[in-house]
Amino acid sequence: MSKQFAVIGHPIEQSRSPELHHAFAQKTGIDLHYSKRLAPLDGFEANIKAFFAQGGSGMNVTVPFKEQAFAQCHVLTERAKIAKAVNTLWMQDGKLHGDNTDGQGLVDAIQALNWNLDNTAILIIGAGGATRGVVYPLVQAGVKNIVIANRTLARAEQLVADLKDAVPQATLAAVSLEHLSGEFDLVINATSASLSGDALVLPETLQFKYAYEMAYGKPSSFLDQAKARGIPTSEGYGMLVGQAIESFSIWNGIKPSLKDFL
Ligand code: ATR
C-alpha cells in the first residue's frame, strides 16, 4: 500500500498541498497518497490520533491548528520550538514529532530567486505567527539585521524579546508601522493585510531593494508600491512550495528542487 499523508485544517478545501506532494512524489518516484482532512475546531487531537492509528506516515497542519499541533508533540525540532507552531507531524518510536518548515520554505523561495540573504538587513512587517516562524531560519541563512515593524508596537516588542536569545548572531529591533524608515536589502510583508483586502502604506523615506509578500493570489498594495518603484518582487507561492518540499524531504528522505515546481 502507498504511504499515506494528509493536511489538516479548518477550512481545508483551498489547500494546494495534495497537488504539490503528488507532483513531488511523481518526480522522485515515491508511492504515496496525500489527502485533505477537515477537522472540527474542537476535533484536532482526535483527528490526528485516528490518522496515525490507521498507519498514516505524516501530516501537514494548517490554520488554525499549528499552535495546537505544537502543544501535542512529544518531540520538537529547534525551529518548531522557536516558532511555537508546528506544520509537519510524524510518528517515530511511538512518539509524535513536530517540525515547522515555513521559515525554511521562505528562505528556499528567496534563494531560488537568487536574492542574497547573507549579511543582509531585512524589514519584516507584521508581528504575528507568520513572522515568529521565519526569523530563526532567516538568521540561519545569514541575515544579520532584522527590524520587525507592526501596527501594534507592543506586539513587535514582545516578539523581539521572545526571539532575541534564539538568534544571538543577529540584531533584532521593533518599530511601529507609522515610524518606519531606513534602508533595507529586503522587505517582507508578513501581515494579513492583503488577505483581508487592507492597504498597507509604505513611507517614501523607506528604502529597499527587494520585496516579498507572504500572501499570494491576492491584490497587494505592498507589492504595488514596490513595483511602482521598479523593485523586484515575489509573492508567497514560492514559500508555499518551499515549505511543502521541506516537509516532503523530512518524511521521505529526498528533497526535490524548488525551481522545478515554481
Ligand atoms: P499570522 O499568524 O498570519 O501572522 P496574526 O497573528 O493574526 O496572523 O497577525 C497578523 C499580523 O498582521 C499582525 O502583525 C497584525 O498587526 P497587529 O498586531 O497590529 O494587529 C497585522 N495586520 C493585519 N491587518 C493589518 C493592517 N490592515 N495593517 C497593518 N497590519 C495589519
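In this predicted model, residue P11 belongs to the loop that connects β1 (3–9) with α1 (17–28). The peptide bond between H10 and P11 is cis, with an omega of about 5°. A second cis peptide bond links V63 to P64, and here too omega is about 5°. P64 is located in the loop between β3 (58–61) and α3 (66–72).

A further backbone feature concerns D93. Although D93 is not a glycine, its phi is positive, at about 50°. This residue is placed in the loop between β5 (88–92) and β6 (95–99).

**Annotated regions**

Two domain annotations come from the UniProt record. The feature "domain: Shikimate dehydrogenase substrate binding N-terminal" is assigned by UniProt, in an unreviewed entry, to residues 7–89. Within residues 7–89, 42% of the chain is helix and 22% is strand, and the C-alpha atoms at the two ends are 10 Å apart. The annotation "domain: SDH C-terminal", likewise from an unreviewed UniProt entry, covers residues 236–259. For residues 236–259 the helix content is 67% and the strand content is 0%; the end C-alpha atoms of that span are separated by 14 Å.

**Ligand surroundings**

The ligand sits in the largest pocket. Its surroundings comprise 15 residues, of which A127, N150, R151, T152 and R155 come nearest. Classified by residue type, the shell around the ligand consists of five nonpolar, seven polar and three charged residues.

Which protein atoms lie 2.5 Å, 2.9 Å and 3.1 Å from an oxygen atom of the ligand? The table lists the residue, the part of the residue involved and the distance.

| Residue | Protein atom | Ligand atom | Distance |
|---|---|---|---|
| T152 | side-chain N or O | oxygen | 2.5 Å |
| R155 | side-chain N or O | oxygen | 2.9 Å |
| S192 | backbone N or O | oxygen | 3.1 Å |

T152 and R155 thus appear both in the list of nearest residues and in the table, each through a side-chain atom. For S192, by contrast, the atom concerned belongs to the backbone. Considered alone, the ligand exposes 640 Å², and 74% of that area is buried by the protein.

Technical notes. Residues numbered from 1 in each chain as written. Predicted model: local features only at pLDDT ≥ 70, side-chain atom pairs only at ≥ 80, totals over all residues. Heavy atoms only, no water. Near = heavy atom within 4 Å. Polar contact = N/O pair within 3.5 Å; in protein donor to acceptor, adjacent residues only side chain to side chain. Areas by Shrake-Rupley, 256 points an atom, 1.4 Å probe, with all protein chains shown as cover. 1 Å grid on protein atoms, 1.4 Å probe; cavity = no way out; pocket = protein on both sides within 12 Å on 5 of 7 lines; lining within 4 Å. Sits in = over half its atoms within 2 Å of the grid points. Nonpolar A, V, L, I, M, F, W, Y, C, P; charged D, E, K, R; others polar. UniProt positions renumbered as here; feature names shortened; annotations may be inferred. Helix = DSSP H or I, 4+ residues; strand = E, 2+ residues; numbered from the N terminus.
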